[in-house]
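These are my notebook entries on a structure that I went through item by item. I kept each entry short and recorded what I looked up in the order in which I looked.

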Protein chains: 2
Amino acid sequence: MTTRRVNTNTESVDNYLKAIYALGGPEEERVNSTLLAERLGVAPASVTNMLQKLAALPRPFVEYEPRRGVRLSAAGKRRALEIVRHHRLLETFLYQVLNYPIEEVHDEAERLEHFISERLEERIDAKLGRPKFDPHGHCIPALNGKMSKQASRPLTDVEDGEFAVDSISDQDSALLKRLKAHGVTPGARLHVKGSAKDELLLRTTKGSKPLRLPRSAAKSVRIRIEN
Amino acid sequence: MTTRRVNTNTESVDNYLKAIYALGGPEEERVNSTLLAERLGVAPASVTNMLQKLAALPRPFVEYEPRRGVRLSAAGKRRALEIVRHHRLLETFLYQVLNYPIEEVHDEAERLEHFISERLEERIDAKLGRPKFDPHGHCIPALNGKMSKQASRPLTDVEDGEFAVDSISDQDSALLKRLKAHGVTPGARLHVKGSAKDELLLRTTKGSKPLRLPRSAAKSVRIRIEN
DNA sequence: CGGACGAATTAGGTTAGCCTAAATCTATTA
DNA sequence: TAATAGATTTAGGCTAACCTAATTCGTCCG
């Protein structure tokens, strides 16, 4: 009659926590199963299943209200941020030390983030000089799990004007490549014409050609809020 | 009635192939289940199970004669060498680029070797300048799977004399650390007194203190054959 | 208020990789 | 040559993480 101890240290658990973290957004809102299922490429039933497990742990990773969605517990968030830290350190490392093209760092980091030791994490961090941001402009959580909120908003929101690029989502590698080709990288200054209904017209000082970006893609770009 | 396709790309399969490769030795002799079970930290029954699967693949990884042991097929050997290449490149990388202490590279590489992409393998190889040997003195298999046989023999064999260290097994981290402390590293010259029954007396030019090494540990050290 | 629809959950099944216990070989020894 | 010890395999289970199909819930609409 051994106490049933669920293995909480799996790649799969990592991925659920990360997805909940990402989908919950800065407000850490409850996330529903369907959305999670889509993000994870898994059947909704599988999500329900896993959420029940994560919520039933002795020290639960999530608060789960059936049919009302999940959010991370403190422990869950801590864990999610660890993985995010791994991911972003790895991306930075691949980019800076191993000369990966920016649009390829994500997939590699996605696989490795689950398997690097504390020691390797530390060595990479040291080698990079304790970076604060990854090559997409995302903040790298500190060892203690602290991460400053980014003062930024999605490009989707804007009308016309001039802005500085804060960060770019690493989820869509083709888009990332295209943006790079037009000089749209973190820190770049952007002249935006948002007059057209479904798309934005972007121009950078560096980028030779202007870029017509569907608003649907513009949500992948965040711009700095200057105040 | 979909053709049942066994997933042949798992960490577990990797580990079996690597173990068979390692235990088979340069002669690629048949390896028996118990030995494999011990090496892999798994019950003998589990080994039998896996061997049957590996032998039953459309393009089998092993030749398996029940109760007589296994050896790798050509495909199996190719695959094993890929993993060994990953492992040794990673060890070299951790050692040279990330300043790992030699006795810690093994465990980290052991985990990561299963998850690095071709691309990462290539980048690491390039960064290191296409190294031929890992920090333990082991030959790194080429991309095409070729690996030159090492002209060396175990230190266990020798009586007295002077020798050059060829390589040191990475399996026992404590031993590795001790050897390092006494200057016993690949390439080092070794003065050996093998007169005592159960142990060897080693002395290097670099190592300050002489080292008394049980013959059981001496099998972890290989010396060059000069001819 | 009664459907009806979509979202979520439950129920039951699969696969990989492991386990223990029981059965069966093999090889050696008396 | 028979007995037996030790190695190996077979048989039967378990868990994690997934799946599909069937069911249930909640909300919203006529």
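The entries below cover the symmetry, the chain contact, the DNA surface, the domains and the sheets.

**Entry 1: status of the model.** I note at the outset that this is a predicted model.

**Entry 2: relation of the two copies.** I asked which rotation and shift superpose chain A on chain B. I found a rotation of 180° with 0.0 Å of shift along its axis, at an RMSD of 0.0 Å. The two copies are therefore related as by a two-fold rotation axis. I then looked for the C-alpha of chain A nearest this axis, and Leu112(A) has it, 3.7 Å away. I also checked the contact residues: 100% of those of chain A recur in chain B, and the same surface serves both copies.

**Entry 3: contact between chains A and B.** How many residues of each chain are in contact with the other? I recorded 13 residues of chain A against 13 residues of chain B. On the side of chain A that touches chain B, α5 (105–112) and α6 (118–127) of chain A each supply at least two residues. Of the contributing elements, α6(A) gives the most, with four residues. I sorted this side of chain A by class and obtained five nonpolar, two polar and six charged residues.

**Entry 4: surroundings of DNA strand D.** I listed the residues around DNA strand D and found that 20 surround it. The closest are Thr10(A) and Ala43(A) from chain A, with Asn32(B), Thr34(B) and Ala45(B) from chain B. I next asked which elements give two or more residues to the surface near DNA strand D. In chain A these are α1 (11–24) and α3 (44–56), and in chain B they are α2 (33–40) and α3 (44–56). The most comes from α3(A), with four residues. By class, I recorded nine nonpolar, nine polar and two charged residues for the surface near DNA strand D.

**Entry 5: domains of chain A.** I consulted the domain assignment of chain A, which gives domain 1 (11–72) and domain 2 (152–224). How far apart are the C-alpha centres of these two domains? I noted 31 Å between the centres of domain 1 and domain 2 of chain A.

**Entry 6: sheet of chain A.** I traced an open sheet of six strands in chain A, in the order β3-β8-β4-β5-β6-β7, with antiparallel pairing. Its edge strands are β3 (152–154) and β7 (211–214) of chain A, each of which pairs on one side only. Neighbouring strands of this sheet are turned by 45° against each other on average, direction ignored. I followed one pairing further: β3(A) and β8 (221–224) of chain A run antiparallel over three bridges. Within β8(A), Arg224(A) is the bridge partner of Ser152(A).

**Entry 7: sheet of chain B.** In chain B, I read the order β3-β8-β4-β5-β6-β7 for an open sheet of six strands, again antiparallel. The edges are β3 and β7 (211–214) of chain B, and the twist averages 45° from one strand to the next. I then examined β8 (221–224) of chain B, which is joined by three bridges to β3 (152–154) of chain B, running antiparallel. β8(B) also pairs with β4 (161–168) of chain B, antiparallel and over three bridges. Which residue of β8(B) is the bridge partner of Pro154(B)? I found Arg222(B), and Arg222(B) is likewise the bridge partner of Ser167(B).

Technical notes. Residues numbered from 1 in each chain as written. Chains lettered and ligands numbered in written order. Predicted model: local features only at pLDDT ≥ 70, side-chain atom pairs only at ≥ 80, totals over all residues. Contact = placed C-beta atoms within 7 Å. Nonpolar A, V, L, I, M, F, W, Y, C, P; charged D, E, K, R; others polar. Pairing = 2+ DSSP bridges. Domains from an automatic or database assignment. Near = placed C-beta within 6 Å. Least-squares fit on C-alpha atoms with pLDDT ≥ 70 in both. Axes fitted to C-alpha atoms, helices over the stretch in contact; angles between N-to-C directions.
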